[in-house]
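Here is a set of short questions and answers on one protein chain. Keep the sequence and the 3D view open as you read.

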Amino acid sequence: QVQLVESGGGLVQAGESLLLSCAASGSFFRINDMGWFRQAPGRQRDLVASITRGSITNYLDSVKGRFTVSRDNAKNMVFLQMNSLKPEDTAVYYCKAEVAVKSNWGASDYWGQGTQVTVTT
């Protein structure tokens with residue numbers, strides 16, 4: 001009923017930038033909070049940035065000042081602008097959305113398939 005599709009990942013050199021996009025589609029009433037997570041091999045999945053429907057944001061300490069999360073509620077999309085990328089940012093990045101499928105139902109979490117970001121020296 002709800003699908004999240006990420007795009008924009010790729011291979012870049014340290015210091016360069018990438019813009020990740022996530023689009024929600026399917027049958028649902030409203031998207032509440034959204035966020036970006038990342039997971040490198042052998043490591044846990046960490047929250048990178050989150051944003052409420054009212055555009056209140058929160059960031060992982062190591063990306064503050066470099067990454068910016070934003071959303072377009074009319075298009076059901078969330079974005080992650082990543083600047084000054086470092087090799088430590090290399091990971092699979094996942095989009096997450098808290099979605100209310102129907103107007104009087106509670107919200108549930110949905111995940112995208114992930115997009116690979118690789119940063120070389």
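Q: Which residue in the turn of the β4 and β5 hairpin has a positive phi?
A: This is a predicted model. In it, strand β4 covers residues 30-39, and β5 covers residues 46-51. The two strands form a hairpin with six residues between them. The turn residue with a positive phi, about 80°, is G42.

Q: How many bridges join β4 to β5?
A: The two strands run antiparallel. One facing pair is R38 and D46, with D46 in β5. The number of bridges joining β4 to β5 is five.

Q: Is R38 buried or exposed?
A: R38 sits in strand β4. Its relative accessible area is 11%. The cut-off for buried is under 20%, so R38 is buried.

Q: With which side chain does the side chain of R38 make a polar contact?
A: The sequence offers D109 as one residue to check, 71 residues away from R38. In space, R38 and D109 are 16 Å apart, C-alpha to C-alpha. The polar contact of the R38 side chain, at 2.9 Å, is with the side chain of Y93.

Q: What is the distance from E6 to R45, the nearest side chain of opposite charge?
A: E6 is in strand β1, residues 2-7. E6 is buried yet has no salt bridge. A salt bridge needs a side-chain nitrogen of Lys or Arg within 4 Å of a carboxyl oxygen. R45 is away from E6 by 7.7 Å.

Q: Which backbone nitrogen does the side chain of E6 reach at 2.8 Å?
A: The E6 side chain has backbone partners. At 3.0 Å it reaches the backbone nitrogen of Q113. At 2.8 Å the E6 side chain reaches the backbone nitrogen of C95.

Q: Which residue of strand β11 touches E6?
A: Leaving out residues up to four places away in sequence, the contacts of E6 include S21, C22, W36, Y93 and Y94. G112, Q113 and G114 are also among them. Strand β11 spans residues 115-120. The β11 residue in contact with E6 is T115.

Q: The side chain of T115 reaches which backbone nitrogen at 3.3 Å?
A: T115 counts as buried, at 11% relative accessibility. Among the residues it touches are E6, G8, L20, A91, V92 and Y93. The backbone nitrogen that the T115 side chain reaches at 3.3 Å belongs to G9.

Q: Which strands stand at the edges of the four-stranded open sheet?
A: The sheet has the order β1-β3-β8-β7, with antiparallel pairing. Each edge strand has a single partner, so one side of each is left without a neighbour in the sheet. The edge strands are β1 and β7.

Q: What is the bridge partner of S21 in β8?
A: Strand β3 covers residues 18-26. Six bridges join β3 to β8, and the two run antiparallel. In β8, the bridge partner of S21 is F79.

Q: What is the bridge partner of F67 in β8?
A: β7 and β8 also pair in the antiparallel sense, over six bridges. β8 spans residues 77-82. In that strand, the partner of F67 is M82.

Q: How many of the six residues of β8 are buried?
A: In the order of the open sheet, β8 sits between β3 and β7. β8 is largely enclosed by the rest of the structure. Of its six residues, the number buried is five.

Q: Which residue in the loop between β7 and β8 has a positive phi although it is not a glycine?
A: β7 and β8 form a hairpin with four residues between the strands. The residue in question has a phi of about 55°. With a relative accessible area of 24%, it is partly exposed. The residue is N76.

Q: What is the relative accessible area of S55?
A: β5 and β6 form a hairpin with five residues between them. Three bridges join these antiparallel strands, and I51 stands opposite T57 in β6. S55 lies in the loop and has a positive phi of about 70° although it is not a glycine. S55 is partly exposed, with a relative accessible area of 44%.

Definitions and conventions:
Residues are numbered from 1 along each chain as its sequence is written. Side-chain values use heavy atoms; hydrogens and water are left out. Buried means under 20% relative accessible area, exposed over 50%, partly exposed in between (1.4 Å probe, protein chains only). Lys and Arg count as positive and Asp and Glu as negative; His and the chain ends are not counted. A polar contact is a pair of N or O atoms within 3.5 Å; within protein, one must be able to donate a hydrogen and the other to accept it, and residues adjacent in sequence count only if both atoms are side-chain atoms. Contact means heavy atoms within 4.5 Å. Two strands pair if DSSP finds at least two bridges between them.
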